[in-house]
Amino acid sequence: MRVALIQTPWSDHSGGPLKKFAQRWVSNPPLGLLYLASCLEENGHQVDVYDLEAEHLTPPQLCQKLTKDGIQLIGITATTPVYFITVAYIEYLKQLGLPIVLGGPHITALETEATTGGPEVELPDAVDYALTHEGEYGMVALLEALDRKTDLSEIRGLMWRDGDRLIRNEPRNFIDNLDALPFPDRRKLNPLLYRFEVPIKGMVPVANMTLTRGCPFLCAFCGEPFNGGRKLRMRDPQAMVDEMETILELGVNHVWMCDSTLTANRKLLIGFSEEMIRRKVPMTFEGHTRANLVDPELLGVMKEAGLTRLAYGMESVDPYVLKLMEKEIAPEDVKKAVRLTTEMGIRATVGTMMGNAGDTRQTILKTAWFVRSIPEINYAPNAIACPLPGTPLRRQAEEGVGGLKLLDPDYSKLTRYSGGVMEVNGMSPRDMLRLQRLTLLIMHSTPRKFVYIIMHFGFFNLLGVLARMVKSELTVRLKGYDPVMREVADQNTTLANLGLGPIKSKAVRRAERLAQKAAQDALRQERLLEAQSLVPGAQPALMFKMVDGNATSESSCGSSRPSLTGKTAHALNQRMRSQPQDKAPQSVSHPTLQET
Ligand code: B12
Ligand code: SF4
């Protein structure tokens, strides 16, 4: 079968300057799709991979290409916050009449919720099949069953429709022997499209890779323990270095290890590093881990093998917050690890979070000042906690643990830099967003950190972000809303930017706008009438019936003429009110009468 595997664009939903940051500094190929591609090809299928985030094809261009290439089935991946974008693409692509298979972290999260007492999974009509968790073997089995028209009920991890019913088959076990999988086929995408800033090297092409899958820890905000399973599954160090060599052949010499916890198994990392050193592979790499899982010997050998940057998750310094999120790492451990890492000549970054259970303004600020006090931390993103489906954090928010309250179930608002969806000990999402700006300033406003972030992000980019922060803060104070929240909340803007137009047709949106305006005007009119009735002898103002701008309407005097809209009607009404009227209107014809 000829298959297209697609990742839809996602950075557009990051909002404002962050969109640019997401595009430039976290550019990464969709590794999961590349794994699926090599597995399917090994089983005789032909696969094309499209990363629409990097390739910028418009939806019609994509459709044209899929048709020209004779694609017979579409596989598409999605994470939770940008699922609405994927759904819009799926609905658009459905015009091709091809079967569509959905996979990736979002569907896995939904299934996890369903199996742990949460809501049942619902799929858009345009999705024919969904595969949860690791998709390699499930996809091979599905294609074979579709080819041979055999029973689907035996395919583990599959969701499919039987008439109106959505059937959820038994879950699939995690792949135990990762070495049985072929290497991800990176030639399916242009590897040189993916670049970000790498210590010493600057902006260079970057590939990603995993040495392990799964994570044995249980941090409340994280989907990894169910996405990849709690058992750490490891690859053979020889094979990992073989894969590194294939990456070098593509002209890429830096790898981001996207393992959940890179140093979860010390022996594996030592074995891998020693093999890299033995074969003298001229590759640098980086990854993220926990501060209690490094030591001088391990860091020494990893550095020699090419490690240039290590990110540690600290999240918070408050013991109660850390306890509720089950992080089990003391801030002092992070301090020590960062110091050690820097002393060994490896760059260290620290990730912090705000808005978890137990957080207050004080705990959040305390964390920011702690980060500021450690000179070795160059850069620390401070993300607003997002209660992703299936995670303990979502449960905590639903049940009100630690002062949390889930305000909005909308997945598209689960973005880390736009306020989030939770109230936390009385702080609203807007308060969180403002506090996030403040903490980022506190954390990074020492000369040393400032120089680093200028080097990392570029002076003018940073200036742009600062200007945007100031503008947002001024808007909050003067106009009472935060533009970043509004931008991210508006799904239609994102979809329109991506060429998928508004979800609702223009006519529907216009009708909604008019209805909303009419309701507001009716309210205003009511207040006006009320006010006038309080003034003895006052005449009611002249009122106009407001309908579609192009249509004609009746004035309250009963004569038919083009409707008065916007400023014209407003100005006229003002004049009427300021002048003594010699003739009162005859009737009030409709509750939506208004002065506009
Ligand atoms: C690398 C990474 C990124 C990179 C690049 C991602 C990319 N594809 O472009 C960057 C930094 C840019 C990024 C951004 C984001 N990420 Co991210 N990211 C990861 C990370 C660390 C590794 C992903 C990976 O490559 N894994 C290895 C591969 C082999 O696994 P996989 O991608 O899951 O794919 C397998 C299955 O999911 C499945 N599958 C996937 N797609 C499909 C499609 C079909 C048809 C089928 C059948 C199966 C299938 O089969 C694959 C092979 O086994 C994961 C955490 C993790 N360790 O997995 C988080 C993770 C995927 N990210 C996550 C999120 C939320 C985001 C962001 C929204 C930002 C954010 N954190 O808020 C954005 C959105 C990006 C997007 N594409 O939608 C969440 C998703 C959770 C959820 N409920 O959706 C994860 C799981 C982190 C977490 N702890 O919760 N991310
Ligand atoms: S945050 Fe890191 S250590 Fe904690 S569960 Fe997630 S992947 Fe594991």
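Tutor: Welcome! Let us start with a definition: two strands pair if DSSP finds at least two bridges between them. Please keep in mind that this is a predicted model.

Student: How many bridges pair β10 and strand β13 in the parallel sense?

Tutor: Two bridges are the minimum for a pair, so look for that many or more between these strands. Strand β13 covers residues 254-257, and A207 stands opposite V255 there. The parallel pairing of β10 with β13 rests on three bridges.

Student: In what order do the six strands of the open parallel sheet stand?

Tutor: β10 (207-209) and β17 stand at the edges, and each has a single partner strand, so one side of each lacks a neighbour in the sheet. From one strand to the next, the twist averages 25 degrees. Reading across this open sheet, the order is β10-β13-β14-β15-β16-β17.

Student: What is the bridge partner of Y312 in β16?

Tutor: Begin with the two strands: β15 and β16 run parallel and are joined by six bridges. Strand β16 spans residues 347-354, so the partner has to come from that stretch. For Y312, the bridge partner in β16 is V350.

Student: Is the crossover from β16 to β17 right-handed or left-handed?

Tutor: The two strands are parallel partners, with three bridges between β16 and strand β17 (residues 382-384). One of the paired positions is T352, whose bridge partner in β17 is N382. Between the strands the chain passes through helix α14 (residues 361-373), and this β-α-β crossover is right-handed.

Student: How many of the eight residues of strand β16 are buried?

Tutor: A residue counts as buried if 20 or more other C-beta atoms lie within 10 Å of its own. By that cut-off, β16 is mostly covered. Of its eight residues, the number buried is six.

Student: Is E315 buried or exposed?

Tutor: E315 belongs to strand β15 (residues 307-315). Its phi is positive, about 70 degrees, although E315 is not a glycine. Most residues other than glycine have a negative phi. For the burial, count neighbours: 26 C-beta atoms lie inside 10 Å of E315, so the residue is buried.

Student: Where is E328 found?

Tutor: E328 also has a positive phi without being a glycine, at about 60 degrees. This residue is partly exposed, because 13 other C-beta atoms lie within 10 Å. As for its place, E328 is found in the loop between α12 (319-324) and α13 (331-343).

Student: Which strands are the edge strands of the seven-stranded sheet?

Tutor: This open sheet has mixed pairing and the order β2-β1-β3-β4-β5-β6-β7. Its twist averages 20 degrees from one strand to the next. An edge strand pairs on one side only, and here the edge strands are β2 (46-51) and β7 (165-168).

Student: Which residue in β5 does L102 stand opposite?

Tutor: β4 and strand β5 (residues 129-131) run parallel, joined by two bridges. Opposite L102, then, you will find A130.

Student: Which element gives the largest share of the shell around ligand 1?

Tutor: Ligand 1 is surrounded by 39 residues, and the closest are G32, G75, T77, G103 and G135. Several elements give two or more residues to this shell, including β3 (73-77), β4 (100-103) and α6 (105-115). At least three residues come from each of domain 1 (2-168) and domain 2 (194-457). The largest share, five residues, comes from α2.

Student: How many charged residues does the shell around ligand 2 have?

Tutor: The surroundings of ligand 2 include C215, F217, C219, E224 and R290. Divided by class, the shell has six nonpolar and three polar residues, and the number of charged ones is two.

Student: What distance separates the C-alpha atoms of K267 and L298?

Tutor: K267 has its place in helix α10 (residues 266-278). K267 is exposed, because 10 other C-beta atoms lie within 10 Å. Along the chain K267 and L298 are 31 residues apart, and their C-alpha atoms are separated by 8.9 Å.

Student: How many residues apart along the chain are M485 and Y417?

Tutor: M485 lies in helix α19 (residues 483-489). With 21 other C-beta atoms within 10 Å, M485 is buried. The C-alpha atoms of M485 and Y417 are separated by 8.8 Å, while along the chain the residues are apart by 68 residues.

Notes:
Residues are numbered from 1 along each chain as its sequence is written. Chains are lettered from A and ligands numbered from 1 in the order in which they are written. This is a predicted model: local features need pLDDT of at least 70, side-chain atom pairs count only at pLDDT 80 or more; totals for chains, interfaces and linings use all residues. Helices (H or I, at least four residues) and strands (E, at least two) are DSSP runs, numbered from the N terminus. A residue is buried if 20 or more other C-beta atoms lie within 10 Å of its own, exposed if 12 or fewer, and partly exposed in between; C-beta atoms are placed from the backbone. A residue is near a molecule or strand if its C-beta atom, placed from the backbone, lies within 6 Å of it. Ala, Val, Leu, Ile, Met, Phe, Trp, Tyr, Cys and Pro count as nonpolar, Asp, Glu, Lys and Arg as charged, and the others, Gly among them, as polar. A crossover is right-handed if, with the strands pointing away from the viewer, the path from the first strand over the helix to the second runs clockwise. Domain bounds come from an automatic or database domain assignment. Axes are lines fitted to C-alpha atoms, for helices over the stretch in contact, and angles run from 0 to 180 degrees between N-to-C directions.
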